[in-house]
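Student: I should like to take a close look at a single part of this protein and then see how other parts of the structure are arranged. Could you begin with one residue and proceed step by step?

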Amino acid sequence: MSDKVIGIDLGTTNSCVAIVEDGAPVVIPNRGGYKTTPSMVAIAENGKRLVGHIAKRQAITNAENTVYAAKRLIGRKWGSPSVRAASEAVPYRIVEGPHDDVRIELRAQMFSIPEVSAYILQEMKLIAEEYLGEGVEKAVITVPAYFNDGQRQATKDAGRIAGLDVIRIINEPTAAALAYGFGKQLESKVAIFDLGGGTFDISFLDIAAGVFEVISTAGDTFLGGEDFDQLIIEWLCKDFETRHGVDLRKDKMAHQRLKDVAEKAKCELSSVTETEINLPFIISTGKADALHLQARLTRAELEDLTRDLVDRCIEVTRKTLDDAGLTVKEIDEVILVGGQTRMPRLQAAVKEMFGRDPCKGVHPDEVVAMGAAIQGAALVTAASDMLLLDVTPHSLGIMIVGGYFHKLIEQNTTVPTSATHVFTTVKDNQTSVKILVLQGESERAEENELLGEFILTGLRRAPRGEVEIEVKFEISADGIVSVSAKDLETGAQQSITVTATSGLTEDELRRMVDANKDYLVEARQSEETERRKQAVERALEDIEKLLPEVERTIAGSEFGQDAVRKARAVIDRAKGAISANDQSAIAEVSDSVTRTLNMFKGVVARKGA
Ligand code: AMP
């Protein structure tokens with residue numbers, strides 16, 4: 001097992017893995033030679049799990065069982081508007097989980113979102129292992145800066161299911177800044193404008209003498225390239241409905257094909273000003289002919305269609321800059337991250353706002369994974385001269401009387417951080433106190449994200465107000481919240497029961513880790529079986545080709561006749577085992593087949609000598 005740390009950018013659309021080698025970050029290509037891998041998971045008809053390019057290739061014909069953009073659902077509650085929006089837009093089935101969480105049903109099997117994400121992480125781990133020629137376990141995984149506690153925790157759970165030791169979760173824009181500043185002696189304030197497939201993040205950092213300090217961060221976890229695609233799909237569907245009176249949205253296979261062409265057209269329009277969209281035989285009406293979709297989209301039309309999305313990015317950026325007390329003049333460099341920032345209109349909007357051209361020196365698809373790898377290496381290197389100071393994107397607090405939100409840790413506070421609050425009883429002989437912990441900025445508790453219910457139990461029976469319990473709320477460097485409590489009278493640690501309001505319980509998580517391990521063992525065995533079957537088939541073919549010559553050569557002797565008889569028996573047994581697809585019979589006959597082939601080759605070689 002390698003002690004190296006891999007950096008994984010677990011993206012909505014694509015994922016990327018990097019490692020630091022000889023002091024420099026390197027992005028690792030997958031088997032196909034691509035540096036990014038589609039964040040897609042599918043279950044094939046035979047129950048096999050498909051991940052990455054192989055899942056993408058079959059997405060059209062297996063749309064209902066192919067998951068994309070799972071990151072948009074990770075750590076989300078079932079009832080949230082974002083989940084409702086997603087379930088209307090995707091062809092796979094999203095269902096309610098047991099803890100107000102989200103599950104996906106594929107071929108009558110339920111998957112939690114961390115499991116689906118785990119399969120992608122596992123693929124990235126495998127890509128790194130094939131490159132390194134040894135196992136790797138330690139990883140730094142990136143998340144959008146604006147992810148809340150639930151989303152971070154769920155991402156960490158995904159890592160655990162994938163068999164990874166997630167030594168740190170870091171924010172994507174911060175990772176991008178690390179990669180940008182790597183090896184340079186910078187003294188500057190930078191803006192990282194990160195628009196990927198599913199999320200938008202804006203962060204402002206101060207970089208000086210190897211210290212990367214995040215000043216402020218904000219974003220929208222439901223704004224990304226997928227939304228641009230969706231608007232093109234809507235536009236195509238409306239146009240098609242006007243022309244043919246048929247609603248393509250209802251057809252899952254048509255939807256997947258539309259998604260593919262919409263994204264392709266969008267990407268093309270970043271380099272050309274007009275593009276043709278053609279989908280022959282898009283749908284059969286059941287009447288005479290099948291219908292074809294044909295459209296022409298110009299860059300100007302696309303910019304019109306998606307104007308609101310671009311405006312939203314700029315609004316969030318401007319507000320974050322103001323809230324941080326910064327002005328555009330103070331920003332020395334603007335770095336664009338995420339595939340969607342290739343759109344010329346976006347680049348122009350960023351330029352208009354900051355009054356300067358964005359930096360072209362970083363690769364928008366690879367920079368985040370590289371930053372994660374840099375941070376990973378720094379965490380395991382004793383004498384690293386790099387320091388990362390990140391912030392919490394959301395305020396943390398508790399619900400108080402009247403349903404109000406009492407902030408304990410303000411947003412944009414450097415992490416790790418902690419705050420304490422003293423609770424007391426409000427009734428005589430009260431033995432427990434319930435605390436609701438929330439994240440968000442609203443004054444009203446209900447408008448913020450509920451992280452969990454914490455119940456202090458086993459309190460001493462006493463008149464009200466007498467028992468005082470100090471509760472400590474901590475946010476780790478991963479941005480993950482934990483709570484502990486102390487009895488102020490005795491100094492003893494007070495027990496706390498945490499009821500997760502979404503996400504997985506420890507038991508479920510352990511079961512998923514085990515189920516995934518079992519699946520991997522089985523998958524490896526079935527690959528091994530398939531390989532053996534193919535080897536036996538190939539050897540059989542060779543034996544049958546050599547048989548007539550062998551017969552001619554050795555049939556003269558009794559020993560030779562006996563050998564041929566035995567060889568024929570082996571051939572029959574092997575053929576029988578293969579046609580019955582009997583795995584254990586194939587395994588049994590495999591050695592005899594190899595011996596027979598070797599013997600035949602020997603006979604032929606001796607004859608030629
Ligand atoms: P990422 O999450 O950084 O991999 O970004 C993926 C998003 O970037 C997807 O929505 C892609 O469609 C989008 N994207 C990639 N290349 C381009 C391009 N040339 N023009 C516009 N969007 C692009």
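Tutor: Let us begin with L279, which has a relative accessible area of 6%. A residue counts as buried when this value is under 20%, and L279 is therefore buried. Please bear in mind throughout that the model is predicted.

Where does L279 lie in the chain? It belongs to strand β16, which covers residues 274–284. Setting aside neighbours up to four places away in sequence, the residues in contact with L279 are R257, L258, V261, H292 and L293. One of these partners, H292, is 13 residues away in sequence, while the C-alpha atoms of L279 and H292 are 5.9 Å apart in space.

We may now turn to the enclosed spaces. The structure holds five cavities of 30 Å³ or more, and the largest cavity contains about 110 Å³ of space. Its lining is made of 13 residues, and T13, M40, K56, K259 and E263 lie nearest the centre. Helix α7, residues 252–268, is the greatest contributor to this lining, with four residues. In chemical terms, the lining of the largest cavity comprises four nonpolar, four polar and five charged residues. At least three lining residues come from domain 1 (2–224 + 309–390), and at least three from domain 2 (225–307).

The largest pocket has a volume of about 1000 Å³. Its lining has 36 residues, and those closest to the centre are R31, E123, L126, L520 and E527. Which element gives the most to this lining? It is α12, with nine residues. The elements that each supply at least two lining residues are β6 (49–51), α1 (53–57), α3 (113–132), β11 (136–143) and α12 (506–554). Domain 1 (2–224 + 309–390) and domain 4 (506–608) each provide at least three residues of the pocket lining. By class, 16 of the lining residues are nonpolar, eight are polar and 12 are charged.

Next comes the nonpolar interior. In soluble globular proteins, nonpolar side chains tend to be buried together. The largest nonpolar core in this model has 57 residues, and I6, L73 and Y92 have the most contacts inside it. Helix α3 supplies the largest share of this core, 10 residues. Because domain 1 (2–224 + 309–390) and domain 4 (506–608) both contribute residues, this core lies between them. Another core, of 46 residues, lies apart from it and includes L223, V310, L321 and V334.

Which residues does Y92 touch? Leaving out residues up to four places away in sequence, Y92 touches A63, E64, T66, V67, Y68, A69, A70, L73, I104 and L106. Among these partners is L73, which was named above with Y92 for its contacts inside the largest core.

Finally, S188 offers a second example of the reasoning applied to L279. S188 lies in strand β13, residues 187–195. Is S188 buried or exposed? Its relative accessible area is 9%, and buried means under 20%, so S188 is buried. Apart from residues up to four places away in sequence, S188 touches L205, D206, I207 and D332.

Key: Residues numbered from 1 in each chain as written. Predicted model: local features only at pLDDT ≥ 70, side-chain atom pairs only at ≥ 80, totals over all residues. Heavy atoms only, no water. 1 Å grid on protein atoms, 1.4 Å probe; cavity = no way out; pocket = protein on both sides within 12 Å on 5 of 7 lines; lining within 4 Å. Points joined across faces, edges and corners; volume = space filled by probe spheres on them. Nonpolar A, V, L, I, M, F, W, Y, C, P; charged D, E, K, R; others polar. Domains from an automatic or database assignment. Core = buried A, V, L, I, M, F, W, Y, C linked by side-chain atoms within 4.5 Å. Buried < 20%, exposed > 50% of the residue type's maximum accessible area, 1.4 Å probe, protein only. Contact = heavy atoms within 4.5 Å.
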